[in-house]
Amino acid sequence: MNSEEIKTLADKVLMKTYGRYDLALVRGQGAKVYDPEGNEYLDFVSGLAVTSLGHSNSILADAVARQARTLIHVSNLYYTEPQVKLAKVLTDNCFADRVFFSNSGAEANEAAIKLVRKYSFDKYGPGRHQILTMENSFHGRTMTTLAATAQPDKHRGFEPLAEGFTYLPYNDLAALEKALTKETCAVMIEPIQGEGGVHEAQKNYLSGLAELCRSRDVLLVFDEVQVGMGRTGVLFAHQLYGVEPDIMTLAKALANGLPIGATLARDEVALAFGPGTHASTFGGTPLVTVAALKVMETMLAPGFLDQVKRVGAYFKARLSDLAARCDYIKEVRGQGLILGMELGFPGADIVAELTKKGFLINCLQEKVLRFLPPLIITEAEVDLLMPALEETLAAAAARNKK
């Protein structure tokens with residue numbers, strides 16, 4: 001099928017839940033993707049921080065193909081070697097002792113929400129169920145994770161929402177301390193808000209938050225679905241801050257495109273889940289966990305995360321240099337290879353124009369351009385984007401002055 005045939009059929013048979021870009025894609029290689037007509041695009045979106053090792057990674061593809069010929073799925077009523085090996089390597093590299101595998105970031109967060117309430121119920125009895133989350137946060141689109149997400153525009157039309165969530169301003173420790181009550185069981189927060197506009201937590205805020213939580217036995221949940229798995233230049237974003245949570249959620253890049261979510265917790269907390277309290281039919285199958293093992297193996301290899309730091313710093317410096325010369329760029333922010341550029345005008349047209357020029361980026365919160373390239377992106381590929389970005393921004397700024 002050519003591009004027009006794919007888009008025409010999609011318009012007839014798919015639910016219109018996405019504002020899709022005017023582009024059909026059929027294959028990818030490294031940091032590039034291609035449409036049916038063979039046009040090439042440099043991918044600075046990577047499936048929204050998913051394909052961190054790039055497209056069609058041969059090591060991953062070979063491992064998945066071997067596993068597909070061996071054992072794709074069995075129920076979680078049985079043990080499988082790839083699953084327990086993945087849990088071991090994840091827990092060996094962070095604060096956590098145990099892992100629950102699911103299919104997505106939303107499900108990982110759903111499991112975290114259930115776990116904090118179960119832990120608190122077992123220890124303190126009913127009534128201690130309130131969870132504090134942050135304004136502009138994004139935790140998923142299931143009914144419960146939607147309630148945890150503090151973005152009113154995403155709630156509209158889906159009320160009534162699940163009860164027990166209170167929203168607080170990000171980076172405001174005084175507001176957090178005031179909001180903690182005897183009913184609070186957990187604080188759930190992204191160390192860097194991805195979908196909310198690439199806002200970074202301040203280091204003293206996260207450390208103060210952790211101290212307050214520990215002093216009151218309130219569990220701390222870090223949602224690292226987007227910013228974990230090497231995205232910031234360290235394996236997990238909280239390691240940038242030197243602050244450990246009680247629970248961490250992962251997904252997206254964990255299996256580089258195969259569906260997986262993971263909820264990791266300290267032993268004392270994880271043991272609140274007993275047989276029958278939570279489950280997932282497809283969570284942690286041999287097929288996805290063997291892929292995730294290859295992802296972990298690659299990211300933990302010497303030099304991989306150093307390259308992410310180096311290219312991320314280079315990319316941010318190039319964006320900051322551009323911002324210094326353009327008064328319509330309000331701010332450049334982010335860490336590693338999750339970077340945001342806030343504009344003084346809407347950015348949707350810029351995304352469309354850059355797509356025509358062969359570069360994929362996205363825009364969120366109307367005015368924030370977000371850059372989430374595969375972690376294998378190079379300085380040379382960043383250099384290809386920059387003149388096209390500058391030219392497109394200048395044209396957009398001129399249009400917005402009229």
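A cavity, on a 1 Å grid over the protein atoms alone, is a set of points where a 1.4 Å probe fits but cannot get out; a pocket is an open set with protein on both sides within 12 Å along at least five of seven lines; lining residues have an atom within 4 Å of a point. Grid points are joined across faces, edges and corners, and a volume is the space filled by probe spheres set on the points.

This is a predicted model: local features need pLDDT of at least 70, side-chain atom pairs count only at pLDDT 80 or more, and totals for chains, interfaces and linings use all residues. Residues are numbered from 1 along each chain as its sequence is written, and side-chain values use heavy atoms, with hydrogens and water left out.

**Exercise 1. Describe the cavities.**

Step 1. Searching the whole structure turns up 2 cavities of 30 Å³ or more.

Step 2. Take the largest cavity. It holds about 50 Å³ of space. Its lining has 13 residues, and V74, N76, Q83, G284 and T285 lie nearest its centre.

Step 3. Sort that lining by class. Ala, Val, Leu, Ile, Met, Phe, Trp, Tyr, Cys and Pro count as nonpolar; Asp, Glu, Lys and Arg as charged; the others, Gly among them, as polar. The largest cavity then has 4 nonpolar, 9 polar and no charged lining residues.

Step 4. Turn to the second largest cavity, with about 40 Å³ of space. Its lining includes S52, E224, R231 and K252. The classes here are 5 nonpolar, 3 polar and 3 charged.

**Exercise 2. Place Q83 in its surroundings.**

Step 1. Find the element. Q83 sits in helix α4, residues 81-92. Helices (H or I, at least four residues) and strands (E, at least two) are DSSP runs, numbered from the N terminus.

Step 2. Is Q83 buried or exposed? Buried means under 20% relative accessible area, exposed over 50%, partly exposed in between (1.4 Å probe, protein chains only). Q83 has a relative accessible area of 15%, so it is buried.

Step 3. List its contacts, meaning heavy atoms within 4.5 Å. Neighbours within four places in sequence aside, Q83 touches N76, F101, G283, G284 and T289.

Step 4. Look at the second largest pocket, with about 910 Å³ of space. It is lined by 30 residues; N76, Q83, V99, F100 and F101 lie nearest its centre. Elements giving two or more residues to this lining are α4, β4 and β12. Helix α4 gives the most, with 5 residues. By class, the lining has 15 nonpolar, 12 polar and 3 charged residues.

**Exercise 3. Trace the open sheet and its helices.**

Step 1. Read the strand order. The sheet has 7 strands, β4-β12-β11-β10-β7-β5-β6, with mixed pairing. Two strands pair if DSSP finds at least two bridges between them.

Step 2. Find the edges. They are β4 (98-102) and β6 (165-168), each pairing on one side only. Neighbouring strands are turned by 20° against each other on average, direction ignored. Axes are lines fitted to C-alpha atoms, for helices over the stretch in contact, and angles run from 0 to 180 degrees between N-to-C directions.

Step 3. Check one pair. Strand β5 (residues 130-134) runs parallel to β6, joined by 4 bridges. I131 has F165 in β6 as its bridge partner.

Step 4. Add the helices. Helix α5 (residues 105-124) packs on the sheet, and its direction makes about 165° with that of β11. Helix α9 (residues 203-215) also packs on the sheet, touching β5, β7 and β10. The direction of α9 makes about 160° with that of β7.

**Exercise 4. Pick out the backbone features.**

Step 1. Which peptide bond is cis, with omega near 0°? The bond from E159 to P160. P160 lies in the loop between α7 (152-155) and β6.

Step 2. Look for positive phi outside glycine. S46 has about 50° and is in helix α2, residues 46-49. S46 is buried, because its relative accessible area is 0%. E366 has about 70° and is in the loop between β16 (362-364) and β17 (368-371). E366 counts as exposed, because its relative accessibility is 52%.

Step 3. Finish at a hairpin. Strands β13 (residues 329-335) and β14 (residues 338-343) pair antiparallel over 6 bridges. R333 has G340 in β14 as its bridge partner. The hairpin has 2 residues between its strands, and G336 in the turn has a positive phi of about 55°.
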